[in-house]
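Welcome! Have a look at the structure below, then try the exercises at your own pace before reading each solution.

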Amino acid sequence: MLRLPLALAALLLRALRSPLSFLGWSLAHFWPRLRLVLGRSGPGPIPISVNYHFTRRCNYKCGFCFHTAKTSFELPLEEARRGLAMLRAAGMEKINFSGGEPFLTDRGEFVGKLVQFCKQELKLPSVSIVSNGSLIRERWFKNYGEYLDILAISCDSFDEEVNALIGRGQGKKSHVENLQKLRKWCQEYGVAFKLNSVINRFNVEEDMNEQIKALNPVRWKVFQCLLIDGENVGENALREAEKFVISDEDFERFLDRHRDISCLVPESNQKMKDSYLLLDEYMRFLNCRNGRKEPSKSILDVGVEQAIKFSGFDEEMFLKRGGKYVWSKADMKLEW
């Protein structure tokens with residue numbers, strides 16, 4: 001008697017129970033997951049987790065930024081929705097909206113409507129945003145918080161002078177005070193709170209243990225400053241990030257200083273470079289394997305399957321760095 005793996009059996013059962021199975025929707029929806037269980041037999045990677053940089057515009061000037069404002073183009077809302085639906089049909093389970101600064105476009109309404117669409121219409125298990133947090137208002141949480149699983153806020157230092165050196169200064173406004181306010185709103189509106197920090201020459205000696213433990217994020221992503229040709233280094237780059245770069249040894253020292261923080265998730269340059277599926281403002285996958293961002297054709301023009309072949313995505317490294325984790329707030333035990 002043929003014995004199916006439990007994961008495969010569960011997927012088949014769900015597909016058969018679907019009222020839309022006679023239209024072929026179930027097969028299209030579950031095939032990517034079946035490929036994951038069966039060990040790959042399709043033409044290319046599955047876009048299980050996608051980072052959609054729908055805008056390059058930003059109100060900050062972080063000196064190490066590797067996705068700079070080289071264009072102000074942004075897709076119309078309906079075209080963005082069409083692309084997201086295509087990604088969902090191809091197997092996407094997590095979408096992360098990033099930039100630039102996502103809350104610049106239509107004062108956060110654009111990203112809010114995409115978040116709602118992905119959770120309500122596409123039934124995505126995980127919807128997240130990465131933001132510098134400076135433009136988020138409480139009314140956004142009131143309108144869209146229920147549809148958002150994770151809000152990740154960029155915070156590279158708890159010293160305002162260091163933030164100013166990096167380019168995260170808000171004039172007289174305190175980046176750190178705003179961070180605490182956002183954490184409070186996440187608690188009130190049931191959104192998982194996450195922190196992202198880029199470790200560079202100006203913050204590598206900082207001890208953040210006390211502040212991170214007080215904020216208690218579900219994850220603290222700690223990145224090593226990364227150089228991308230044409231973005232933050234080299235000809236036509238809008239940033240000069242060489243002065244921010246640290247050695248692997250310096251990065252390890254920072255990690256060792258914070259080794260007792262259980263939510264810390266470190267990402268060195270080696271882990272980060274090819275383990276993310278990056279989608280730009282035209283919905284083109286960005287291949288970083290040669291140290292610069294080389295775009296595919298847009299999924300809106302050639303489809304996901306064709307475009308993703310040129311993404312340079314390293315699925316093995318994605319899994320190795322912990323890219324697949326408990327990313328739906330429905331499955332999290334949020335402890336405040």
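The exercises below walk through a few local features of this predicted model.

**Exercise 1. Charge on the surface**

Task: Find which residues gather in a patch of positive charge, and say whether Arg137 is buried, partly exposed or exposed.

Solution:
- Step 1. The positive patch on the surface brings together Arg107, Arg137, Arg139, Lys173 and Lys181.
- Step 2. Locate one of them: Arg137 sits in the loop that runs between strand 3 (126-131) and helix 5 (138-144).
- Step 3. Partly exposed covers the range between under 20% and over 50% relative accessible area. Arg137 has a relative accessibility of 35%, so Arg137 counts as partly exposed.

**Exercise 2. The opposite charge**

Task: Name the residues that form a negative surface patch, then decide whether Glu177 is buried or exposed.

Solution:
- Step 1. Asp159, Glu160, Glu161 and Glu177 make up the negative patch.
- Step 2. Glu177 belongs to helix 7, which spans residues 175-189.
- Step 3. Exposed means over 50% relative accessible area. Glu177 reaches 56%, so Glu177 is exposed.

**Exercise 3. A hairpin**

Task: Work out how strand 9 and strand 10 run relative to each other, and what lies between them.

Solution:
- Step 1. Strand 9 (residues 284-287) and strand 10 (residues 294-298) run antiparallel, joined by three bridges.
- Step 2. Across this pair, Leu286 of the hairpin faces Pro295 in strand 10.
- Step 3. Six residues separate the two strands of the hairpin, and in the turn Gly291 has a positive phi of about 85 degrees.

**Exercise 4. Positive phi without glycine**

Task: Compare Asn216 and Met283: where is each one, and is each buried or partly exposed?

Solution:
- Step 1. Asn216 is not a glycine, yet its phi is positive, near 50 degrees. Met283, also a residue other than glycine, has a positive phi of about 65 degrees.
- Step 2. Asn216 lies in the loop between helix 8 (209-215) and strand 6 (219-224). Met283 is in the loop between strand 8 (277-279) and strand 9.
- Step 3. Asn216 counts as partly exposed because its relative accessibility is 35%. Met283 has a relative accessible area of 0%, so Met283 is buried.

**Exercise 5. An unusual bond to look for**

Task: Find which two residues a cis peptide bond joins.

Solution:
- Step 1. Go to the loop between strand 2 (94-98) and helix 4 (109-121), where Gly100 has its place.
- Step 2. The cis peptide bond links Gly99 and Gly100, with omega at about 10 degrees.

Note on methods: Residues are numbered from 1 along each chain as its sequence is written. This is a predicted model: local features need pLDDT of at least 70, side-chain atom pairs count only at pLDDT 80 or more; totals for chains, interfaces and linings use all residues. Side-chain values use heavy atoms; hydrogens and water are left out. Patches are made of residues with over 30% relative accessible area and no salt bridge: like charges are joined within 9 Å, nonpolar side chains (Val, Leu, Ile, Met, Phe, Trp, Tyr) within 5 Å. Accessible areas come from the Shrake-Rupley method with a 1.4 Å probe; for residues, only the protein chains shown count as cover. A salt bridge is a side-chain nitrogen of Lys or Arg within 4 Å of a carboxyl oxygen of Asp or Glu. Lys and Arg count as positive and Asp and Glu as negative; His and the chain ends are not counted. The place of a charge is taken as NZ of Lys, CZ of Arg, CG of Asp or CD of Glu. Helices (H or I, at least four residues) and strands (E, at least two) are DSSP runs, numbered from the N terminus. Buried means under 20% relative accessible area, exposed over 50%, partly exposed in between (1.4 Å probe, protein chains only). Two strands pair if DSSP finds at least two bridges between them.
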